[in-house]
Amino acid sequence: MVTREVLAAEGSVMVVKVELDKGFHGDEDKHVEEQVSYIKKGSVEFEVAGEKRVLHEGDVQYIPSNAPHRVNVIDSCTILDVFTPVRKDLLDGK
């Protein structure tokens with residue numbers, strides 16, 4: 001239900017393409033890296049630090065460092081996630 005592809009990881013910035021199937025419900029995540037998520041296709045409900053927001057194609061969500069967050073996919077979507085600094089756990093395939 002989830003595929004990730006690291007598109008770039010240079011300097012202090014990382015870009016990851018994420019494909020999520022309709023109906024996917026993500027577990028809560030939290031990490032030190034700041035994150036910006038751009039919805040390239042589809043729609044998703046983001047919950048960040050307890051606040052829910054539905055995002056559609058072209059929308060952007062900012063996630064501060066260490067903010068708990070999760071997603072619920074409404075329509076299959078493609079998201080471009082930008083992290084700073086680079087998330088080493090994603091480079092290691094975890």
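The following dialogue concerns the salt bridges of a predicted model.

Tutor: This is a predicted model, in which local features need pLDDT of at least 70 and side-chain atom pairs count only at pLDDT 80 or more, while totals for chains, interfaces and linings use all residues. Residues are numbered from 1 along each chain as its sequence is written, and side-chain values use heavy atoms, with hydrogens and water left out.

Student: Why is the contact between E19 and K17 called a salt bridge?

Tutor: A salt bridge requires a side-chain nitrogen of Lys or Arg within 4 Å of a carboxyl oxygen of Asp or Glu. The closest N and O atoms of E19 and K17 are 3.8 Å apart, so the pair qualifies.

Student: What makes R87 buried, and D29 partly exposed?

Tutor: Buried means under 20% relative accessible area, exposed over 50%, and partly exposed in between (1.4 Å probe, protein chains only). R87 has a relative accessible area of 8% and is therefore buried, whereas D29, at 29%, is partly exposed.

Student: How do you know that R87 and D89 form a salt bridge?

Tutor: Their N to O distance is 2.6 Å, which satisfies the definition. D89 has 28% relative accessibility and therefore counts as partly exposed.

Student: Which parts does the salt bridge of D29 and R87 tie together?

Tutor: The side chains of D29 and R87 meet at 3.6 Å, N to O. D29 lies in the loop between β2 (13-20) and β3 (34-48), and R87 in the loop between β6 (69-84) and α1 (88-91), so the pair joins parts 58 residues apart in sequence. Helices (H or I, at least four residues) and strands (E, at least two) are DSSP runs, numbered from the N terminus.
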